[in-house]
Amino acid sequence: MGHPGAAAADGAVERILAEVAERRGIDFRDYRADTLRNRLESRMRAAGCADLATYHARLIAEREEIDRLVESLVVPVTEFFRDGWVFRELADRVLPALPGSSGTLRAWVVGTATGEEAYTVAMLLAEAAARQRGRGFEVVASDLDRRSLEVARKGLYPESAVEAVPSDLRRRYLRPEGSRFRVVDSIRGRVHFAQHDLMGPRIAPEKAIVAAFDLVFCRNVLLYFEASLRVRAVQRLAAVIEPGGALVIGVTEALPRDSTEQFVAHPGVRPGAGIFRRASG
Ligand SMILES: C[S@@+](CC[C@H](N)C(=O)[O-])C[C@H]1O[C@@H](n2cnc3c(N)ncnc32)[C@H](O)[C@@H]1O
């Protein structure tokens, strides 16, 4: 039998997450229990509450606290060219092989946070499109977190954030603005940010959903999900990727075992990059 205090705390976690689901429409209940517990307890301490039941009462009484809690649960941490070698593999081995049947390469970046990854992808697609004349590209980038999306839409970053952008791309796609750097309009105009929950009622942030994308990024999102939610998420992603298209997950993440019919390791790509090809059928 478990510790009675632990059972009470589990009940409080459930009630807090139900409160968040009801008031913010975001359901974290199938996210990893250990991570959730850590983050809830850290917010609880920061709010000066002695236990989770007291913290739940605080959440009901204080509107801003629910914003702070959601902020700590979504973990909007990202970078330009995060795990840079993955993007080299992508540019060298994946982009030239993508189907792009409409002539326009279409990418979806799930869990974009503050936008650095979506702009990284857009820069690489712009380079690929310039090489393959006549090709266009579009990037849809989505996240649960509205505040992160506000930052993303501005496309304005401190110098420390853009240091990882290779210098030739920095010259072409970033403009200094005071002490910061702005992503140029030709890239920003191709990246459409949308608030969207990967596990919500609509599979994708757009009307067209079946096989709509050549390339989907879902990096460092699945690692927050419990196994059953991960399975459902990957099934959703499989439905929107064109056969021959690619799925990119984080380097520390793995696809569920039962997705091997839908995704195979991408041919020619270094193992461990988290890049998979959507199998046909
Ligand atoms: C750690 S960040 C990863 C950012 C970026 N993909 C990267 O790898 O650098 C995780 C992001 O996933 C978002 N996220 C978590 N669950 C989500 C869901 N169900 N639907 C959409 N976005 C989600 C969070 O809000 C957060 O911004």
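Which of the 22 residues around the ligand come nearest? The legends below begin with that view.

**View 1. Residues around the ligand in the predicted model.** Of the 22 residues around the ligand (C-beta atom, placed from the backbone, within 6 Å of it), Val74, Thr78, Gly111, Ala113 and Leu198 come nearest. The shell divides into 11 nonpolar, 5 polar and 6 charged residues, where Ala, Val, Leu, Ile, Met, Phe, Trp, Tyr, Cys and Pro count as nonpolar, Asp, Glu, Lys and Arg as charged, and the others, Gly among them, as polar. This is a predicted model, in which local features need pLDDT of at least 70 and side-chain atom pairs count only at pLDDT 80 or more, while totals for chains, interfaces and linings use all residues. Residues are numbered from 1 along each chain as its sequence is written.

**View 2. The open sheet.** In the order β6-β2-β1-β7-β8-β10-β9, 7 strands form an open sheet with mixed pairing; strands (E, at least two residues) and helices (H or I, at least four) are DSSP runs numbered from the N terminus, and two strands pair if DSSP finds at least two bridges between them. Its edge strands, each pairing on one side only, are β6 (191-195) and β9 (263-265).

**View 3. Strands β8 and β10.** Strand β8 (residues 241-249) pairs with strand β10 (residues 275-278) in the antiparallel sense over 3 bridges, and Phe276 in β10 is the bridge partner of Leu247.

**View 4. Arg88 in helix α5.** Arg88 lies in helix α5 (residues 84-94) and counts as partly exposed because it has 15 C-beta neighbours inside 10 Å, the class between buried (20 or more other C-beta atoms, placed from the backbone, within 10 Å) and exposed (12 or fewer).
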